[in-house]
Amino acid sequence: MSIQVNAVLIVAAILFVLGFIGVLTRKNILFMLISVEIMLNAAGLAFVAASAKWQQADGQVMFLFILAMAAAEVSVGLALVLQVYHQYKTLDIEKLNALKDE
Amino acid sequence: MEVLFCISSLVAILSTVMVITRLNPVHALLYLVVSFMSVAMIFLSLGAPFMAVLEVIVYAGAIIVLFIFVTMMLNLGKETAEQERNWLKPRVWVGPSILAAVLLAEMIILLTKGQPGSMQVTVVDPKKVALSLYGEYIIALELVGFLMIAGIVGAAHIGKHRKRSFHRFLEDEAETEQQLKADYHDVHTG
Amino acid sequence: MNNLLAYIPAFPLLGFLVLSIAGRKMSKNLVALTGVGSICISAIISLVIAAGFISSPPTEGFISTSVWHWFTLSDFIVNIGLRADALSVIFIFIITFVGALIHIYSAEFMRHDEDYARFFASMNLFVCSMLLLVLADNLVLLYLGWEGVGLCSYLLIGFWFKEPTNNHAANKAFLITRIGDTAMLIGLFLIFHNLRTLNIQEILLLAPQKFSTGSSEITLIALLLLAGGMGKSAQVPLQTWLPDAMAGPSPVSALIHAATMVTAGVYLVARMNAVFILSPLAMSIVSVVGAVTLLLAGCSAMVQSDIKRILAYSTISQIGYMFLALGVGAWTAAIFHFFTHAFFKALLFLAAGVIIESLHHEHNIFRMGGLKKSMPVVFVTFLAGAAALAALPLVTAGFFSKDPILWYAFSSEKGNAWLWMTALLGAFLTAFYTTRLMIVVFWGEAKTAIGHHPGKAMIIPLIILAILSVTAGFVEWPHNMIHLTLFSDLLHQQLPEVALKPDLPAESLFQLIAALTTFAGIVLGYMLYYRKTYLATSWLQSPSVAGVHNLFKSGWGFDHFYRAVFVQPFLFITRINRTDFFDRIYDGIASLNIQLNRFLSLSQNGSLRWYVVGVLAGALFIITLQLLL
């Protein structure tokens, strides 16, 4: 039997939603970044599944780009996390509410 | 092939659940490695070997290593675990889970509306990927080069430390305060 | 001579234009030269015209010229037309001649003021407007002059505008005269509606043909015109503005509120005599208004302590005499009283200005005193003016003008004994308060020291006016004395003769009674304020007298009454109207926006996780919509 494409997409959806739950629930910035990585990975999985369905390389190329972007984003994001820790001495995201509307 | 796919997806889902529920950051990162490995296996079963390898090398090898470096630098260990224990009461999970479950349900409904399509699993080998990448998507590739440079420069600048003139044992509180203020100011104007 | 007529108001107008445009850059001497010179030239021209009238009167009794065409409304043509007959000639003589003397006086009086040019600009504009008023040959131009003098009165009363009370006084004067002006305007509308013309001579000819004597329309018109005159001439009930108008400089009080503007009402009634004659009711109301006013003002003048307020109430009272004379049909007598009153009242105000200046702006007469020795020239001139005011028999002009009024109040067909007795009581009060004023200011011990003595430019006009106050009456003697009636001869073409009742007692009896009343007033004043001053003070202590005293001092409570009846309700209405229906709508829209903003800004709480929830909610919403549709 061959693999159902819907099944792969459903798996990707589940992984995405799990990552989303992680973003919503965790207060630590580091964990939020980790959850964002999970979401990115799930989206990439959906692209590769599409590429496999249509027997073309486009989806894989897209996944490559997503990968590159995730790497760049993580490096900048972690640098920011470092600065946040130095300024506020905590990684609680609730403390970063200076953009609140008065 | 399906068997490989089923097992890999189960492992991926379970390890992802473990990632988001761990208290210790290092534990979570380790589970994340497992999750990425299993996703790489899924890629293999789908006929994308190059992507599977790239996933392991870049994602699990570079990005998670970066995470671990930061965890090490910030010394996130016991105190973080304690903090997380305080923050993660069971009732915290209720709201997000419900909302996300609704989202999942809707996505599944959308996905299963179309006709069920099975697919022939043939390997899309790296040669095809390379031809496509350096053929049609050459411009996007160059742009990703820009993105990389931007990421490097940005990360290097943002993460920069101000050199302290005194040894930290010789400073008093007021000086630290001043330095921090200067840092803060520099970060926002630089 | 016709051509000269237009130059009389032209020179003050030119002076006004020059001074208002370039006055601030001109030197003080040049400003004084322009301001005073323009009036002096007008005075010379009007003297020439008056001499021409007296020596060789024009055939139809007037000279006229039409300066230019103003506007036309279908068949109604209005020109800037000037017409000088004997009545106008007397008025322009007074306006320019007394005006010139007052300008010379104020050239020195206002010398140290920084708004020197503005003062002379306003004074020149005033003289121009007043001349237009009395020279107008149609009621539209007269109304233009009427409004012009009202405007200049406002500008000059509030001349020192940095002091808020002066602004209040100017506003009060303008608003109260405005009431009269509006009534007069309605009268003008009614005249036009009935007669289709506003040319004065045509009205005087057509009115007897169109209206029957005593009809309601002509009575209404006459009463409306009278209301306009009452406002400008400060008669009851529109008299409350004149005492407060003393906030302006003394030359302003002399020119506007003694000699000229306040007599505009007298001019109007005298000019429109045919209209008034057609309505006996209006005539009797005129005389009653005059009688009531002269008594009220006389009582109030008795108890004032500010020297200018005494003179202000005295002015109101004397104009009441003029209205009384007009009401009983003694037209010439009223104009003659205006003629002499202009001289001695202007003199009194100018002398009061000198005294106030010399005593460092001291207005209270009870803080003056002993000025007989220290300011002899002022004393003599003030004595001349006061004697004329009190109508000292035979030696002052006031006697020759007030006496006929008293006689005609009794003897005219429209007069009766009540009017005569009121006028007599008024004469008594006049003599009393004049004596009181003289004694308190000039005799006794000096309570305030003299600062500096006035200069020549201020003294010479006083002397000239004093001479005129004594001698101006000699042109018109009563009928039972020397038969010399130069004044009424001049006017007999314009104003009708007074009709006497039959079977009258001798005129000399009335003259004797009047003279005795005057002396009685003087003696009472002498007794109370020179000899037995303790009587006056102890009298004032007793509560009933104190109540009456306060009533007189506040001008019979008119201010309080007007405030309670008109001002307070109006302020109440404006207060509750401040948040009216339409304001509420617009305020509601604004506050709704603010509420919405406040509500929406709650969603921006700075917490990243809430923003993510927002993204999720939005995505769910769209996907659900996609699914359902």
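The paragraphs below lead through a strand pair, a helix pair and a chain contact in a predicted model.

We begin in chain C with strand β1, residues 62-73, and strand β2, residues 76-85, which run antiparallel and are joined by 10 bridges. One of these pairings can be followed at the level of residues, since C:S64 has C:R83 in β2(C) as its bridge partner. The connection between β1(C) and β2(C) is a hairpin with two residues between the strands, and in that turn C:S74 has a positive phi of about 45°.

The next element pair also belongs to chain C, where the axes of helix α3, residues 28-55, and helix α5, residues 116-135, come within 10 Å and cross at roughly 10°. Angles under 35 degrees count as roughly parallel, and α3(C) and α5(C) are therefore roughly parallel to each other. On the side of α3(C), the contact is made by C:K28, C:V31, C:G35, C:S38 and C:I39, while α5(C) contributes C:Y116, C:A117, C:F120, C:M123, C:N124 and C:V127. Sorted by class, the residues of this contact between α3(C) and α5(C) comprise seven nonpolar, three polar and one charged.

Turning from contacts inside chain C to the contact with another chain, we find that chain C and chain A meet through nine residues from chain C and nine residues from chain A. Within the side of chain C that touches chain A, helix α28 of chain C, residues 608-628, provides the largest share, namely four residues. By class, that side of chain C has three nonpolar, five polar and one charged residues.

Note on methods:
Residues numbered from 1 in each chain as written. Chains lettered and ligands numbered in written order. Predicted model: local features only at pLDDT ≥ 70, side-chain atom pairs only at ≥ 80, totals over all residues. Pairing = 2+ DSSP bridges. Axes fitted to C-alpha atoms, helices over the stretch in contact; angles between N-to-C directions. Parallel < 35°, antiparallel > 145°, perpendicular 65-115°, else oblique. Contact = placed C-beta atoms within 7 Å. Nonpolar A, V, L, I, M, F, W, Y, C, P; charged D, E, K, R; others polar.
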